[in-house]
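Q: Please take a close look at one part of this model, the packing of its helices and the sheet beside them. A connected account, with the criteria stated, would be welcome.

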Amino acid sequence: MRLLQVQEVTHAYGKDRLFGRSGRQTPVLSNVSLSIDEGVCLGLLGSSGAGKSTLGKVILGLEKPQRGRVIFQRQDIYAMNAVARKQVRRNLQVVFQDSYSSINPRMSVERIIGEPLDNYESMSVNEQKRAIGELLEMVGLKAADMTKYPHQFSGGQLQRINIARAIALKPKLIVLDESVSSLDMVTQAQILALLNELKRVFGLSYLFITHDIKAAYALSDRLAVMDMGVVVGMFEDKEQIFASTHPAIMNLLQSVLAEHPRNRQIKPV
Ligand SMILES: Nc1ncnc2c1ncn2[C@@H]1O[C@H](COP(=O)(O)OP(=O)(O)OP(=O)(O)O)[C@@H](O)[C@H]1O
């Protein structure tokens, strides 16, 4: 079933600049359309500045587009009342790249993961502790870790805590904005495996924003490529990306080739 539809979204930063008198503002997003079905990971690829994070913010309800619509669970997220918006926030979560800055260093892990539960669930203290312990175990940490503070964890462990917080309310869609980009290769592979497992167990959908074609290929079912605010490729079957002749897409593929100059097989391993 269709979960998210982005319909002909156009956006530029700065008030009225796109449609102001000068009319010279280049949009950061131009007529962007895409959709995500339930249980599917769409990888959104593109080089730096392509507009990927802006599109993520538009989808999360954080940046109202100047044109176009975002339909989540059949509702326009920019044309809904406060009650419906609260429900959307529950079902639409995000994990950012920088695990440190998206966590309050003064809060214990229990409070970090407990925050969304406080806002949406009416659990007793003991029920909440049990739920937090289960979430920590689900992401490969220990229930006892809930008493610790962010500085006591590695970057990969902190990203696991961010993921535990993101899945605490059993959302439908998680926007992963460069969520593994700052991690070393081994940790990256472990977090991708965890995300894949959680997707399978909970039937989650992901929008996986990344410039890294290998990471995108590993986690995604479908791939989209953006270049200068425009979707230049949409691949229902991710294998099809390797047949593309679009210059921006070939550039992304080239980065894989460059690492393995003698490897004629360009599919990421
Ligand atoms: N808050 C903002 N105000 C003004 N311009 C912005 C803002 N955020 C992003 N931009 C500009 O919009 C363009 C697209 O940025 P965006 O972050 O969406 O791209 P991206 O594909 O996610 O790239 P990166 O991976 O480098 O973040 C860039 O030119 C960027 O400088």
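A: Axes are lines fitted to C-alpha atoms, for helices over the stretch in contact, and angles run from 0 to 180 degrees between N-to-C directions. The model is predicted: local features need pLDDT of at least 70, side-chain atom pairs count only at pLDDT 80 or more, and totals for chains, interfaces and linings use all residues. Residues are numbered from 1 along each chain as its sequence is written.

The account begins with helix H5 and its partners. Helices (H or I, at least four residues) and strands (E, at least two) are DSSP runs numbered from the N terminus. H5 packs against helix H6 (residues 185-202) at an angle of about 15°, the two axes being 10 Å apart. H5 is therefore roughly parallel to H6; angles under 35 degrees count as roughly parallel, over 145 as roughly antiparallel, 65 to 115 as roughly perpendicular and the rest as oblique. The crossing of H5 and H6 is right-handed, a crossing being left-handed if the near helix is turned anticlockwise from the far one by less than a right angle, and right-handed if clockwise. On the H5 side, the contact is made by Gly 156, Gln 159, Arg 160, Ile 163 and Ile 167; H6 contributes Thr 187, Gln 190, Ile 191, Leu 194, Leu 198 and Phe 202. Two residues are in contact if their C-beta atoms, placed from the backbone, lie within 7 Å. By class, the contact of H5 with H6 has six nonpolar, four polar and one charged residues (Ala, Val, Leu, Ile, Met, Phe, Trp, Tyr, Cys and Pro count as nonpolar, Asp, Glu, Lys and Arg as charged, and the others, Gly among them, as polar).

H5, which spans residues 155-167, also packs with helix H3 (residues 109-120), at an angle of about 30° and with axes 7 Å apart. H3 and H5 are therefore roughly parallel to each other, and their crossing is right-handed. From H3, the residues Val 109, Ile 112, Ile 113 and Pro 116 meet Ile 161, Ala 164 and Arg 165 of H5. This contact comprises six nonpolar residues, no polar ones and one charged residue.

H3 has a further helical partner in helix H4 (residues 125-138), with an angle of about 110° between them and axes 10 Å apart. H3 and H4 are therefore roughly perpendicular to each other, and H3 passes H4 in a right-handed crossing. Glu 110, Ile 113, Gly 114 and Leu 117 in H3 are set against Gln 128, Ala 131, Ile 132 and Leu 135 in H4. Five nonpolar, two polar and one charged residues make up the contact of H3 with H4. Ile 113 of H3 thus appears in the contact with H5 as well as in that with H4.

The sheet beside H5 is open and consists of six strands in the order E6-E7-E8-E3-E9-E10, with mixed pairing. Strand E6 (92-95) and strand E10 (230-235) are the edge strands, each pairing on one side only; two strands pair if DSSP finds at least two bridges between them. On average, and with direction ignored, neighbouring strands of this sheet are turned by 20° against each other. H5 packs on the sheet by touching E6 and strand E7 (173-177), and its direction makes about 175° with that of E6.

Within this sheet, strand E3 (residues 41-45) and strand E8 (residues 205-210) run parallel and are joined by five bridges. Leu 44 has Ile 209 of E8 as its bridge partner. Strand E9 (residues 222-227) and E10, in contrast, run antiparallel, again with five bridges; one bridge pairs Ala 224 with Met 234 of E10. E9 and E10 form a hairpin with two residues between them, and Met 228 in the turn has a positive phi of about 45°.

A further open sheet has four strands in the order E2-E1-E4-E5, with antiparallel pairing. E2 and strand E5 (75-76) stand at its edges with a single partner strand each, so one side of each is left without a neighbour in the sheet. Helix H1 (residues 52-59) packs on this sheet, touching E1, E2 and E4, and its direction makes about 120° with that of E1. Strand E1 (residues 2-11) is joined to strand E2 (residues 29-37) by six bridges, and Val 6 is partnered by Leu 34 in E2. Five bridges connect E1 to strand E4 (residues 67-72), where Thr 10 stands opposite Arg 67.
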